[in-house]
Amino acid sequence: MPSSADNFSCMNATWEKVLAELRKRMSEHTFTAWFEPLGFLGIENSVLRISIPHRFFADWIAPRYSSEILSLACNFFSLPIERIEWVVAQEKVQEHQEKGPLPPSFESVTSPGWISSTTEGVLRRLTPKSRASDPRTPELPFTHPTTHSESARLEEATQLAARYRLHPRYRFENFVVGLSNQLAHAAALAASERPGKRYNPLFIYAKVGLGKTHLINAIGHHIRDRDPCARVIYTSAERFTSEFISALQQRRIDEFRARYRSRCDVLIVDDVQFLAGREQTQEEFFHTFNALYHADKQIVLTSDLPPHQIQALEERLVSRFQWGIAADIQPPELDTRMAILKKKAELEGIALSEEVAFYIAERVQSNIRELEGTLLRLAMQADLQKRPIDLALADFVLNPRNKEEKERGEPSIDALIAAVASHFGLRRDELIGESRHRGVAIPRMVGMYLARSELHLSYGEIGKSFGGRDHSTVLNACRRIAGLLEQGNPQIQLAINAIRSTLFPDKSPSASQGES
Ligand code: ADP
Ligand code: MG
């Protein structure tokens with residue numbers, strides 16, 4: 001017969017499986033910080049008992065993961081489990097008893113005598129490792145709460161979190177790293193692993209829509225995830241300014257200063273270029289910066305330009321912004337744009353094929369917000385028209401003029417073919433026929449080019465109208481004509497201008513040129 005110790009080891013192995021499954025569902029750092037220190041104590045009367053190094057583990061884990069842990073445990077143990085009992089490890093229980101009752105959010109804590117003789121041996125092994133002595137456990141950004149002032153910090157941190165809300169989706173997990181942003185990403189990660197140490201201040205700059213706000217929110221989340229007591233203020237220079245002004249008006253400047261200077265562990269300020277030209281706010285921000293910096297608190301800033309290029313920013317602020325590290329984000333390359341689209345599609349539950357992702361990524365190049373906007377518009381159209389997201393729909397959404405122009409009575413593809421044929425003295429069926437003779441092939445290519453540049457039809461649609469040719473034939477034709485135009489070929493230029501003025505009598509010949 002197996003002994004109860006054997007039975008316990010067996011259950012403990014099952015618990016490890018529960019942990020392994022949970023591990024897959026969160027980032028590695030969250031798992032290491034919060035789940036590795038947990039110990040399995042047993043299951044009794046449908047209650048799963050888990051040991052934690054400190055009650056704050058229960059405060060943090062319970063609201064986020066209780067139901068997931070319960071459902072996994074029911075599955076793996078094949079037992080009905082109704083609730084979790086969080087048991088603070090022995091040395092901590094003593095401390096809490098001296099401090100009086102635990103808060104109600106704490107489900108239950110057993111007395112110091114909870115280690116039964118059968119589980120004692122296993123438990124010693126399972127008792128959470130000391131953080132300092134375990135090299136695998138990352139250094140937590142701020143000390144773990146054990147004193148009264150620490151619970152005051154938790155209270156303040158919670159209030160700040162409610163007041164300065166982070167964007168829930170702007171997390172490191174959702175940030176795609178590529179050549180264009182890898183430095184900024186690495187610096188952001190390093191600053192959130194060891195706030196207030198090496199990368200202080202962290203200054204991220206980039207043009208609009210390239211991920212600054214996303215990245216600094218990720219820093220805020222990462223720090224809060226690892227230490228719920230970290231008092232993080234995430235704000236914008238604009239909000240800082242308006243809070244400062246209303247604090248002055250309402251004579252609450254002391255409260256404002258206490259919040260920003262002494263009750264803050266991490267200050268994240270978006271778009272500091274907004275401070276430009278605001279002397280009084282810059283003065284206030286200067287002192288805020290100094291107070292935090294000298295107390296080794298992490299400061300994170302973003303702007304559309306590097307510090308020294310921000311106009312009307314006091315020199316002393318410029319120089320302070322350069323004390324730490326400044327990292328820029330460049331427009332993403334094609335691969336990164338595709339990866340971002342796929343990530344976004346996955347998050348939004350949109351079915352996006354490789355080919356459509358490529359189609360969008362190739363066309364929307366400079367701004368990620370626009371890239372996402374295009375994807376969402378596409379998803380919305382697909383939904384409205386009850387059809388899948390394919391190349392034709394992508395083309396329709398990316399070239400909205402198609403529809404409008406058709407509705408405004410713009411020339412049809414047939415009218416265009418007729419105009420091209422007439423200009424070159426060909427019959428329609430010759431133009432769209434099989435002949436590869438130069439005298440027909442070039443006019444045909446001009447026709448395809450115009451269908452693309454003037455009617456904004458998709459390559460597929462154009463191919464169909466030109467005798468059932470495929471997408472790549474049309475693409476090559478368009479490229480060839482665009483190339484000839486670029487070289488300044490006079491015959492092609494003349495032909496195109498003439499056909500354009502037939503089709504669009506009220507547009508000047510030079511109104512639109514070149515391949516998009
Ligand atoms: P910025 O603050 O630089 O103007 P944002 O951070 O607001 O830009 O980014 C615009 C949009 O693009 C956001 O929805 C953001 O999630 C997304 N985005 C930017 N960079 C990335 C990235 N590397 N991976 C995933 N999404 C990104
Ligand atoms: Mg922004």
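1. Let me start in the pocket, with Asn 181: one of its polar side-chain atoms sits 3.2 Å from a nitrogen atom of ligand 1. Bear in mind throughout that this is a predicted model. As for how covered the ligand is, the protein takes up 94% of the 560 Å² of accessible area that ligand 1 has on its own.

2. Two more polar contacts are worth a look while you have the ligand on screen. Val 176 uses its backbone here, with an N or O atom 2.8 Å from a nitrogen atom of ligand 1. Tyr 170 uses its side chain, where an N or O atom is 3.2 Å from an oxygen atom of the ligand.

3. Now the wider shell. Ligand 1 is surrounded by 17 residues, and Val 176 turns up again among the closest, together with Gly 209, Thr 213, His 214 and Glu 372. By class, the shell is a mix: seven nonpolar residues, six polar and four charged.

4. Which elements give two or more residues to that shell? They are helix H8, spanning 212–226, and helix H15, spanning 368–385.

5. Where does the ligand sit relative to the domains? Domain 2 (151–328) and domain 3 (334–398) both supply residues to the shell, so ligand 1 lies between them.

6. On to the sheet. There are five strands, the sheet is open, and the order reads E5-E6-E7-E4-E8 with parallel pairing. Strand E5 (232–236) and strand E8 (325–328) form the edges, each pairing on one side only. Ignoring direction, neighbouring strands in this sheet are turned against each other by 15° on average.

7. If you want to check the register, begin at the E5 edge. E5 pairs with strand E6 (residues 266–270) in the parallel sense, over five bridges. Within that pairing, Ser 236 has Asp 270 of E6 as its bridge partner.

8. Strand E4 (residues 202–205) is the one to follow next. Four bridges connect E4 to strand E7 (residues 298–303), and the two run parallel. Ile 204 is bridged to Thr 302 in E7. E4 is also joined to E8 by four bridges, again running parallel. For a marker on that side, find Tyr 205, which stands opposite Asp 328 in E8.

9. Pulling the pocket together: Tyr 170, through its side chain, comes within reach of a ligand oxygen at 3.2 Å, while the nitrogen contacts come from the Val 176 backbone at 2.8 Å and the Asn 181 side chain at 3.2 Å. I'd keep those three residues displayed when going through the points above.

Definitions and conventions
Residues numbered from 1 in each chain as written. Chains lettered and ligands numbered in written order. Predicted model: local features only at pLDDT ≥ 70, side-chain atom pairs only at ≥ 80, totals over all residues. Heavy atoms only, no water. Near = heavy atom within 4 Å. Polar contact = N/O pair within 3.5 Å; in protein donor to acceptor, adjacent residues only side chain to side chain. Areas by Shrake-Rupley, 256 points an atom, 1.4 Å probe, with all protein chains shown as cover. Nonpolar A, V, L, I, M, F, W, Y, C, P; charged D, E, K, R; others polar. Domains from an automatic or database assignment. Pairing = 2+ DSSP bridges. Axes fitted to C-alpha atoms, helices over the stretch in contact; angles between N-to-C directions.
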